[in-house]
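Visitor: I would like to learn how to read surface patches and salt bridges in a model. Where do we start?

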Amino acid sequence: MFERFTKDAREVVKGAVAQAEDERARTVDAGHLLLALLGREAGRGSSVLAALGVTARRDSMIRALAEARRRAGLSQAETEALAGLGIDVAQIVARVEEVHGTGAMSGSPKGKAWWGGGRPSFGREARTVLEKSLRVALARRDRSIGDQHLLLALTTLPGVPAEVLADHGVTYESVTRVLDGEGGARAG
């Protein structure tokens with residue numbers, strides 16, 4: 001499948017691996033893919049994000065992703081569902097961090113010995129995004145998978161990245177409108 005990725009899409013994947021390495025995470029997740037997209041200034045995905053005004057809200061998105069990571073990757077919807085059951089996630093996070101330090105539930109061994117070297121593997125969530133990006137590209141009749149397909153895939157799959165994107169006005173529909181509004185000429 002990776003042979004179908006454009007240079008921009010490959011750069012996003014490499015950026016996601018670098019994000020995971022920076023966090024000392026054992027696996028690359030969908031949040032790392034979104035962070036890599038947000039960190040790029042080239043490519044169709046970046047152009048779409050700029051057209052949707054995300055550039056001005058980039059820091060807010062990064063903070064929202066970091067906050068979700070502190071909650072062990074729980075989305076706001078999951079946090080609210082647990083609250084409905086009487087479980088206060090913020091209180092649990094506070095207690096765990098009180099004992100084990102800030103970010104203890106993030107899954108990243110900050111301040112601990114590196115877990116063994118090598119590159120982090122792709123987690124189920126990240127693999128699902130990559131597979132979905134192929135399906136999106138095929139549905140759009142594009143010959144290759146670009147960073148815009150990764151963005152579209154991130155908007156469609158449930159979880160923190162889609163929630164953060166939607167909270168900042170980036171949905172499948174808005175991304176599609178921008179892509180299709182570019183004169184209909186799709187880079188494939």
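Guide: We start with one residue in this predicted model. Ile92 has a relative accessible area of 39%, so it counts as partly exposed. Ile92 lies in helix α6, which covers residues 89–100.

Visitor: Which residues form a nonpolar patch on the surface with Ile92?

Guide: Leu85 and Ile87 join Ile92 there, and together the three have about 280 Å² of accessible area.

Visitor: How many salt bridges does a search of the whole structure find?

Guide: The search finds seven. The criterion is a side-chain nitrogen of Lys or Arg within 4 Å of a carboxyl oxygen of Asp or Glu. One of the seven pairs Arg40 with Asp8, at 2.7 Å from N to O. This pair links distant parts of the chain, 32 residues apart: Asp8 is in helix α1 (residues 7–23), and Arg40 is in the loop between α2 (30–38) and α3 (44–51).

Visitor: Is Asp8 buried or exposed?

Guide: Neither label fits: Asp8 is partly exposed, because its relative accessibility is 24% and buried would mean under 20%.

Visitor: What separates Glu11 and Lys14 within helix α1?

Guide: About one helical turn, because they are three residues apart. Their side chains meet in a salt bridge of 3.7 Å, N to O. Lys14 is exposed at 54% relative accessibility, while Glu11 is partly exposed at 29%.

Visitor: Where does Arg58 find its salt-bridge partner?

Guide: At Asp59, with 3.8 Å from N to O. Arg58 is partly exposed at 30%, and Asp59 is partly exposed at 47%. Elsewhere, Glu23, Asp29 and Arg69 are joined into one network by salt bridges that share partners.

Notes
Residues are numbered from 1 along each chain as its sequence is written. This is a predicted model: local features need pLDDT of at least 70, side-chain atom pairs count only at pLDDT 80 or more; totals for chains, interfaces and linings use all residues. Side-chain values use heavy atoms; hydrogens and water are left out. Patches are made of residues with over 30% relative accessible area and no salt bridge: like charges are joined within 9 Å, nonpolar side chains (Val, Leu, Ile, Met, Phe, Trp, Tyr) within 5 Å. Accessible areas come from the Shrake-Rupley method with a 1.4 Å probe; for residues, only the protein chains shown count as cover. Helices (H or I, at least four residues) and strands (E, at least two) are DSSP runs, numbered from the N terminus. Buried means under 20% relative accessible area, exposed over 50%, partly exposed in between (1.4 Å probe, protein chains only).
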